[in-house]
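Let's take a walk through this protein together, one piece at a time. Keep the 3D view open and turn it as you read.

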Amino acid sequence: MSLAPKTTSREKSILVVRLGDIGDLVISNPIASLIKHHAHNVRQTWVIEESQLPLMRNHPDIDHLIVWQSDRWSQLLKSGRWTQLGRELRHLRRQLKERHYDIALDLQGLFSSAFVARLSGARIRIGLGSKHGSYWLVTKTISRNIGEQTQMGSEYRYLLSQLGMPDAPWQTYIAQPERRRADITEHLGFDYTREQYAVFAPFTTRAEKRWPVKYWQQIALRIRGRYQLKTVILGTEDFAEEAQTIASVTGAINLIGKTQLDEAADVIRHASLFVGVATGFTHMAHTFKVPVVGIFGPSCPYSYAGPDTSKVIFHERFCSPCRKKPTCNNRYDCMVEIKPDEVLAEIKPLMKAAAEFRKYSS
């Protein structure tokens, strides 16, 4: 099935389902603009998680956003409120059906996302890497494991090629913050639009993807001494204690749990440097052309992020990528073996590349 331009004047309606992690949405959302700009006469709807809405708000190439309220519906299911759950799912079905989709693209490949595609009534339903029974709900499955896997978004690029469409320019969309920057500055207690600082994104829900706290402390102190940059720590309030451990030794500004998602993205947008593990914030940072060092271990979704201002550090080991099944007895050797000196060595050339980019783009 091709989405490439055709001579017909009939408008096509396309549904794209991208549930799951924030990082997955960031990596995949360039598809929206490529479909809109290269397919002929298309209206496009995306189904996303409620938590992802701040990043996709006002997307110029998406005609309609539908919110998948997984947390609420799980709560209704656990509390036995079956009638209310059924009522809300029927409303979702009506929302989907009224747009008469020609094609549904399931970018997640899990049962829940394939269920949305099936619920839409689209005659053609394409699943990316469909598994866990989701392949029974789609009409075609496309592999995730083909294509240039060193590239950021390789599986989505390959999907586009199978639809007869180009995969460039690969430009991630991140919405501007909903609140005024002056209000965000007042709330955070420092003017992030004027000051120079480095952003750290040390935390992710999976313990094996984290870098040791003592390493973060070391590079924070050395970045401050070498580049005169204060450090800002971003993340969710689940990691407040670990963040405070870093901040207490380094004097870092601890913004854990204090920013909305779009506000955190804007803090990254204005940073002079970004260092993070394999998390949504790191995937966002590449978009803003700030110097980015990504520290990847048990999962390596890409080793080439695109801009010369980004560097992904990944040590190939016999067990990597372990993908949620560590065999190291929780030592997380792949992360521990990446030393602070290696990260610090990457910063100077990246900052030089960022300065060159600003010079020629101004």
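Is K36 buried, partly exposed or exposed? At 24% relative accessibility, K36 counts as partly exposed. Before we go on, keep in mind that this is a predicted model.

**Salt bridges**

K36 has a partner: D63 forms a salt bridge with K36, and the closest N and O atoms are 2.7 Å apart. D63 sits in the loop between α3 (53-56) and β3 (64-68), while K36 belongs to helix α2, so the pair ties together parts that are 27 residues apart in sequence. D63, at 30% relative accessibility, is partly exposed too.

By the rule used here, the count comes to 20 salt bridges. Here are a few of them, with the N to O distance for each pair.

| Pair | Closest N to O distance |
|---|---|
| D63 and K36 | 2.7 Å |
| E155 and R144 | 3.4 Å |
| D262 and R57 | 3.5 Å |
| R157 and D167 | 3.8 Å |

Elsewhere, R317, R331, D333 and E337 are linked in a network of salt bridges.

**Helix α7**

Two of the pairs in the table involve helix α7, so let's look there. Helix α7 covers residues 154-162 and is mostly covered, with 7 of its 9 residues buried. Those buried residues are S154, E155, Y156, R157, Y158, L159 and L160. What do they pack against? Their neighbours are β1 (12-18), α1 (22-28), α2 (30-38), β5 (124-128) and β6 (140-142).

Charged residues are on that buried list as well. E155 has a relative accessible area of 17%, which makes it buried, whereas its partner R144 is partly exposed at 22%. R144 is in the loop between β6 and α7, so its bridge to E155 in the helix ties together parts that are 11 residues apart in sequence. R157 is buried too, with a relative accessible area of 14%, and D167 is partly exposed at 29%. Just past the helix comes G164, whose phi is positive, near 75 degrees.

**The cores**

In general, nonpolar side chains in soluble globular proteins tend to be buried together. Which residues touch the most other members of the largest nonpolar core here? That core has 35 residues, and the answer is I31, I35, W46, L105, L107, I126 and L159. At least two residues of the core come from each of β1, α1, α2, β2 (42-49), β4 (103-106), β5 and α7. Domain 1 (12-163) and domain 2 (183-361) both give residues to this core, so it lies between them. A second, separate core of 31 residues includes F200, L229, A252 and I347.

Zoom in on L105: leaving out residues up to four places away in sequence, L105 touches L15, V16, V17, I35, I126 and L163. L15 turns up again around S120, which sits in the loop between α6 (111-119) and β5. S120 is buried at a relative accessible area of 2%. With neighbours within four places in sequence set aside, S120 is in contact with L15, L96, K97, Y101 and A104.

**Where the domains meet**

The C-alpha centres of domain 1 and domain 2 lie 29 Å apart. At the meeting place, 12 residues of domain 1 are in contact with 12 residues of domain 2. Together the two domains bury about 980 Å², with 71% of it on carbon and sulfur atoms. On the domain 1 side, L55, T150 and M152 lose the most area, together 43% of what that side buries. How many salt bridges does the rule find across this interface? It finds 1.

Now find Y302, in the loop between β11 (292-296) and β12 (310-314). Y302 is buried, at 1% relative accessibility. Not counting residues up to four places away in sequence, its contacts include I27, Q149, T150, Q151 and M152, along with H283, H286, F296 and V312. Y302 and V312 are 10 residues apart in sequence and 8.0 Å apart in space, C-alpha to C-alpha.

**The cysteines**

How many disulfides does the structure hold? The number is 0. For buried C300, the nearest cysteine sulfur is that of C334, 10 Å away. C319 is partly exposed, with a relative accessible area of 23%. Its sulfur is 6.3 Å from the closest cysteine sulfur, in C334, which is too far for a bond.

Definitions and conventions: Residues are numbered from 1 along each chain as its sequence is written. This is a predicted model: local features need pLDDT of at least 70, side-chain atom pairs count only at pLDDT 80 or more; totals for chains, interfaces and linings use all residues. Side-chain values use heavy atoms; hydrogens and water are left out. Buried means under 20% relative accessible area, exposed over 50%, partly exposed in between (1.4 Å probe, protein chains only). Helices (H or I, at least four residues) and strands (E, at least two) are DSSP runs, numbered from the N terminus. Contact means heavy atoms within 4.5 Å. A nonpolar core is a set of buried Ala, Val, Leu, Ile, Met, Phe, Trp, Tyr and Cys residues joined through side-chain atoms within 4.5 Å. Domain bounds come from an automatic or database domain assignment. A disulfide is a pair of cysteine sulfur atoms within 2.5 Å. Buried area is the accessible area (1.4 Å probe) that two parts lose on being put together, summed over both. A salt bridge is a side-chain nitrogen of Lys or Arg within 4 Å of a carboxyl oxygen of Asp or Glu.
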